[in-house]
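Subject: Structure handover

Hello,

Here is the structure I said I would pass on. The notes below it go through what turned up.

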Amino acid sequence: FSNEKTGSATEQESNQQHSSPKYCRPTAIFSYDWRRPLPELCTELHNFCEETFPNQPVQIVAHSLGGLMTFAAMRHHPKKYAPGAVVVGVPFETGIQYLQDLHKGYYTELDRCRQFTPGAQFTMSSHWGFFPISKKRLQDRFVDVTEHFENGGDHEIKFDSDKSGIGKIGTEFQPAVKGASAYFDFYNPDAWEELQLGVFGPEFDDKLCDKQREAYKEHMSIQMAAAKAWRKRVLGEDEEIDNNDGILNQIPIRFDPLARGDAFPPLVACATNTIPTVNQILRRKRQTPKSTSTISTRKGRNPWNDWEYDYINGRSVPGDGRIDFDKAFPPEFVPHKVVALDSAHAKQMCWEDSGGSWGTISNEVILQIECFIQSKDVISVLESDREVAVKEFERFTTNMTVPSQIDSDAMISPELQGTKKGRKRAIVKSLVSRAKRARDRLRQRYTTAFGSPSTSGNNAPGLDVATQQRRISARGRKSFFRR
């Protein structure tokens, strides 16, 4: 792809095309329902790739939730995705931002259509895996500031009750707000009900019956268990290790599907680090308005929720307006390349002239596939040398009694010429001589592809340092000469 800026719209449109047939290859779009359980989506993505491109390696470009699906597919089937993947704006690490979506919902279509209400959000499945599985992972991203507002004191903390922050791009970074940890077990439906979150709030008492709420809890229990198990299996998280002061994202061997020795495919993680992104939610006890103190719901509760939440005045950090920059990368046990962007989450896959970063992303896609092509070319060279050596051996073993096949440098003493013993000795010397020359040719090709075998390989033309070091490893060199 090309993304050079030019003067006219026509020229810009022309540049936003495939610039070389070298990189043109069959492509396919995987469409999915993002509301469904994440484990199911991961399985369907891999099945789609196997059915669409059978017995072929696949490179994936994915955004947001699609990046999590891609990561899981690559972990369990690394050979299928050997070319690698470029993922953008992926919530690898958990946060607290999605609590707002579930508790209050949000508006779409210029704030006129309240489409994603709590009643609808709680029926979905994928987003239950976006929450931390332990208090250590939550850190100070959810704090209770009630004590700052008790007894009508002078409030130094700004608190905007229940105002939506979704889709509103911040303009300046805000410091962290101090308060008591408001952590609760995000994977326990009873905890959500106790805190009157979402459909369990009093504002839904007259809309939902007890049977409907129990159905919500049953659905939550199933999806929360599946989401938590997925995070532990795929991302290596474990609340027991966290609670025992273990190191985050240091995956135990028993959870590692790659322990069998397969290398993780190349991974490029792109994320924005220029937009202030609120990653801290504030909570305080609500003071019930006097005008509604005598009103109660069907369940006899005050119609006002016991808690108030502020989604816009907590700490803000570099991100894309939705996902923190430092939470958008895979666990440390997976090697990956970091690429910084400058566009909002919803715009990242758009071209630069539309406020996106697709030019940068597409360049990474090309660089990744170029590296894969180079590695395939090197393997082809090795296979070619191996085939030549096998053919030479077969030719000599087939025609070993024909004197014309004996090299001049393998000639034997005159007294043995014409005898059975002499012919056998000539054949052996000829094969040894051919083998030495084949070895020398292999060394010459090895030096051309990798640099001198006696060096670290840093002189190899056209290859980055990491690729050279990987290919020049002792294990790889031994395997090369064995072949």
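Phe186 is buried, its relative accessible area being 0%. This is a predicted model, so please read every value below as computed from it. Phe186 pairs with Phe184 in a tilted arrangement, with 4.3 Å between the ring centres and 45° between the planes. Phe184 is buried as well as Phe186.

Aromatic rings

Searching the whole structure gives 21 aromatic pairs. One of them joins Tyr183 to Phe186: the pair is edge-to-face, at 6.0 Å centre to centre and with the planes at 70°. Is Tyr183 buried or partly exposed? Its relative accessibility is 26%, and because the cut-off for buried is under 20%, Tyr183 counts as partly exposed.

These residues belong to a cluster linked by ring pairs, made up of Phe122, Trp128, Phe131, Phe142, Tyr183, Phe184, Phe186, Trp192, Phe200, Tyr216, Tyr309 and Tyr311.

Charges over rings

Two cases are listed here. Arg283 has its charged end over the ring of Trp307, 3.9 Å from the centre. Lys207 lies over the face of Phe204, and the distance to the ring centre is 5.2 Å.

The sheet with β5 and β6

Four strands make an open sheet in the order β6-β5-β9-β10, and the pairing is mixed. The edges are β6 (180-181) and β10 (307-310); each has a single partner strand, so one side of each has no neighbour in the sheet. In general, strands of a sheet pair through backbone hydrogen bonds, in parallel or antiparallel fashion. Strand β5 (residues 142-144) and β6 run antiparallel and are joined by two bridges. One bridge partner is Ala180 in β6, which faces Asp144 in that role.

Helix α3 and Tyr81

α3 has twelve residues, and its first and last C-alpha atoms are 17 Å apart, close to the 16 Å expected at 1.5 Å a residue. How many of the twelve residues of α3 are buried? The count is eleven, so the helix is largely enclosed by the rest of the structure. The buried residues are Leu65, Gly66, Gly67, Leu68, Met69, Thr70, Phe71, Ala72, Ala73, Met74 and Arg75. Their cover includes α2 (38-52), β1 (59-63), β2, α8 (210-234) and β7 (267-272).

Tyr81 is in the loop between α3 (65-76) and β2 (84-88). Tyr81 is buried, at a relative accessible area of 0%. Leaving aside residues up to four places away in sequence, Tyr81 touches Leu45, His46, Cys49, Val58, Ile60, Ala73, Met74 and Pro265. Ala73 and Met74, both among these contacts, are also among the buried residues of α3. Tyr81 and Val58 are 23 residues apart in sequence, while their C-alpha atoms are 4.9 Å apart in space.

The chain as a whole

The chain contains 13 helices and twelve strands. It has 483 residues, of which 45% count as buried. Taking contacts between residues at least 6 apart in sequence, 74% join residues at least 24 apart. The exposed area of the chain is about 25,800 Å², with 52% of it supplied by carbon and sulfur atoms.

Regards

Note on methods:
Residues numbered from 1 in each chain as written. Predicted model: local features only at pLDDT ≥ 70, side-chain atom pairs only at ≥ 80, totals over all residues. Heavy atoms only, no water. Phe/Tyr/Trp six-rings, centres within 6.5 Å; stacked < 30°, edge-to-face > 60°. Buried < 20%, exposed > 50% of the residue type's maximum accessible area, 1.4 Å probe, protein only. Lys NZ or Arg CZ within 6 Å of the ring centre and 35° of its normal. Contact = heavy atoms within 4.5 Å. Expected span 1.5 Å × (residues − 1). Areas by Shrake-Rupley, 256 points an atom, 1.4 Å probe, with all protein chains shown as cover. Pairing = 2+ DSSP bridges.
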